[in-house]
Amino acid sequence: MKDITEQLEAIRREVARRGGDLGETVAVLVKRTYQADVDDVWDAITSKERLPRWFAPVSGDFREGGSFQVENMASGDILQCRPPKLLRMTYGGPTSIVEVRLASAGADATDLEVEHVVPIEMAGSGAGALYVGPGWDQGLLMLARYLGGEPSDDPLADQNSLAGQEFSRRSIQAWADAIRASGTATEDEITASVTAAATHFAPDL
């Protein structure tokens, strides 16, 4: 794996609180550029054959109106599917919405964005980003390794390794910084969420 600092700095993170017809929400946004074309990245994130090599086995149907189940993790419904640019779905519950957006970034390069939006009642504050942000960072890291020619025989074991947990520990700090910059949570809320995230994502450190 490339240097942890390099991998962390390759990811851009944003946190926002928003109002709307459905009430106030917290939005978590991660962005990364991959050295692969849009069609290849789209296939990597939707192919049942390729997903287990960097993420997890996924069953179901990646079509609009379809549903999916990630092995031992969340399930959801596909709300929009517009290959190779947009995938919008529920993730773990009907009010937890994930939108994946892909755009060409030049020859053989793709900008990928993942936005995860939940009601303020679920997140508590912008500090709620710490419950999902480090997990998305791990996903973007594993995808980068896979597209770079380093598929994994067991992505979950890699994430739970000491090296994986060190990446998560530093990811948690990066998310705490992003939350502070957003002004969406108090310092006490951030501190409490950092502690909870470390227990979940880096329990052995």
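Is Pro151 buried, partly exposed or exposed? With a relative accessibility of 40%, Pro151 counts as partly exposed, because that value falls between the 20% limit for buried and the 50% limit for exposed. Please keep in mind that this is a predicted model. The briefing below starts with the open sheet of 8 strands, moves on to the helices that lie on it, and comes back to Pro151 at the end.

**The sheet as a whole**
- The strands follow the order E1-E2-E8-E7-E6-E5-E4-E3, and their pairing is antiparallel.
- At the edges you will find E1 (12–18) and E3, each with a single partner strand, so one side of each has no neighbour in the sheet.
- On average, neighbouring strands here are turned by 25° against each other, direction ignored.
- As a reminder, strands of a sheet pair through backbone hydrogen bonds, in either a parallel or an antiparallel way.

**E2 and E8**
- Strand E2 (residues 25–34) runs antiparallel to strand E8 (residues 110–119), and 10 bridges join the two.
- Within this pair, Val26 sits opposite Val118 of E8.

**Helices on the sheet**
- Helix H2 (residues 38–46) packs on the sheet, where it touches E2, E5, E6 (86–90), E7 (97–104) and E8.
- The direction of H2 makes about 155° with that of E7.
- Helix H4 lies across E1, E2, E7 and E8, and runs at about 15° to E2.

**E4 and its two partners**
- Strand E4 (residues 67–70) has two faces: Phe68 and Val70 are on the covered one, while Ser67 and Gln69 are on the uncovered one.
- With strand E3 (residues 58–60), E4 pairs in the antiparallel sense over 3 bridges, and Gly60 stands opposite Phe68.
- The hairpin of E3 and E4 has 6 residues between the strands, and Gly65 there takes a positive phi near 90°.
- With strand E5 (residues 75–82), E4 again pairs in the antiparallel sense over 3 bridges, and here Phe68 faces Gly76.
- The hairpin of E4 and E5 has 4 residues between its strands, and Asn72 in the turn shows a positive phi of about 60°.

**Back to Pro151**
- You can find Pro151 in the loop that links helix H4 (133–147) to helix H5 (155–160).
- Setting aside neighbours within four places in sequence, Pro151 is in contact with Arg53, Arg145 and Tyr146.
- Ser125 lies 26 residues from Pro151 in sequence, and their C-alpha atoms are 36 Å apart in space.

Terms used:
Residues numbered from 1 in each chain as written. Predicted model: local features only at pLDDT ≥ 70, side-chain atom pairs only at ≥ 80, totals over all residues. Heavy atoms only, no water. Buried < 20%, exposed > 50% of the residue type's maximum accessible area, 1.4 Å probe, protein only. Pairing = 2+ DSSP bridges. Contact = heavy atoms within 4.5 Å. Axes fitted to C-alpha atoms, helices over the stretch in contact; angles between N-to-C directions.
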